[in-house]
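I opened the model in order to note how some of its strands pair and how one residue is packed. The entries follow below.

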Amino acid sequence: MASAYEGKLTAEEVRVNYRKKFFAADPLDPPKIVDAIPGDADGLMPIAKIGADLKVEIALWPNRPELPGFDLKDILVLEYSHSGMPSYVPIGSPEEIIDKVDFPDSNFPLKRSIPLSVISNFEGTLKFRYTVTSWNASVSNAESPVTIDRTGPVRPGVPKAIDVNEPLITDAVLANDKGVKCVVPDFVEDKKEFVRVAVGWMADMPEDETDFPELVAYFDLLPPSREILVPSKFVTDIGSRIQYVVYFLLDKAGNRSEMSLPKGVQVALGTLP
């Protein structure tokens, strides 16, 4: 049975209860992380974009106050969290988003940002969300993941030397295989299917990565088989001698591995004895 106190609500409490009864929170669109790699479910950021504030956009939400003069407004709060935090942390102060007349829908999407200070020392996945407390007292929020990856494939290790299928490269091998077949040794990496490989073929043993040639022999996504084909021209332009091959791995975010260990390849072209 209700108490006498419960039957004596203040006028404000009556208004709040009325609003809650007749206005339920509508779902919000997830915030857009503007420069995240398109289609990535974890909101992976390109390495080139994590040295500054991250741009975000917040779509128009429903049931905004229609008319001015009634002091009706929505309250917008931006927050972030990750696995190392007990709860969400606010970004900046709550914002008052006033009625449609004085703040038209054309101002949407709202352009906001995640400060560099949030991600400058972070690697992993965080959650960014915004919460709207509507003029009618309903509360709703939506979130999107943001993934920061600063570590290239295999790091801090060095990729193993590439495997060359044939121990001796001859004219016959180049004719039959239409180049030199090589296999990149297996490695562990998240989103491995998006890793690209840049292969350098050269006449001299490289001393460091500055010796990597400007004209790469292969640059593309690494196939599931990890087998790549170096065109014959890279071999024939150097001629008969020991030639060398090295490679870099680049992950989906654009982080690069160390240069691989070099592989010496014996090449003997022309008529063999």
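I looked first at strand S14 (residues 241–250) and strand S15 (residues 263–267), which pair in the antiparallel sense over five bridges; strands here are DSSP runs of E with at least two residues, numbered from the N terminus, and two strands pair if DSSP finds at least two bridges between them. Within this pairing I found Val267 of S15 as the bridge partner of Arg241.

The model is predicted, so I kept in mind that local features need pLDDT of at least 70 and side-chain atom pairs pLDDT 80 or more, while totals for chains, interfaces and linings use all residues. Residues are numbered from 1 along each chain as its sequence is written, and side-chain values use heavy atoms, with hydrogens and water left out.

I then traced the open sheet of five strands, which has mixed pairing and runs in the order S9-S15-S14-S11-S12. Strands S9 (168–169) and S12 (218–221) stand at its edges with a single partner strand each, so one side of each has no neighbour in the sheet.

Next I turned to strand S2 (residues 54–58), where four of the five residues are buried (under 20% relative accessible area, 1.4 Å probe, protein chains only). S2 pairs in the antiparallel sense with strand S1 (residues 32–33) over two bridges, Lys32 standing opposite Glu57, and with strand S5 (residues 110–114) over five bridges, Val56 standing opposite Arg112.

Last, I checked Val132 in strand S6 (residues 124–133), which counts as buried because its relative accessibility is 3%. Beyond four places in sequence, its contacts (heavy atoms within 4.5 Å) include Leu28, Asp74 and Trp61; Val132 and Trp61 are 71 residues apart in sequence and 8.7 Å apart, C-alpha to C-alpha.

Methods
Buried means under 20% relative accessible area, exposed over 50%, partly exposed in between (1.4 Å probe, protein chains only).
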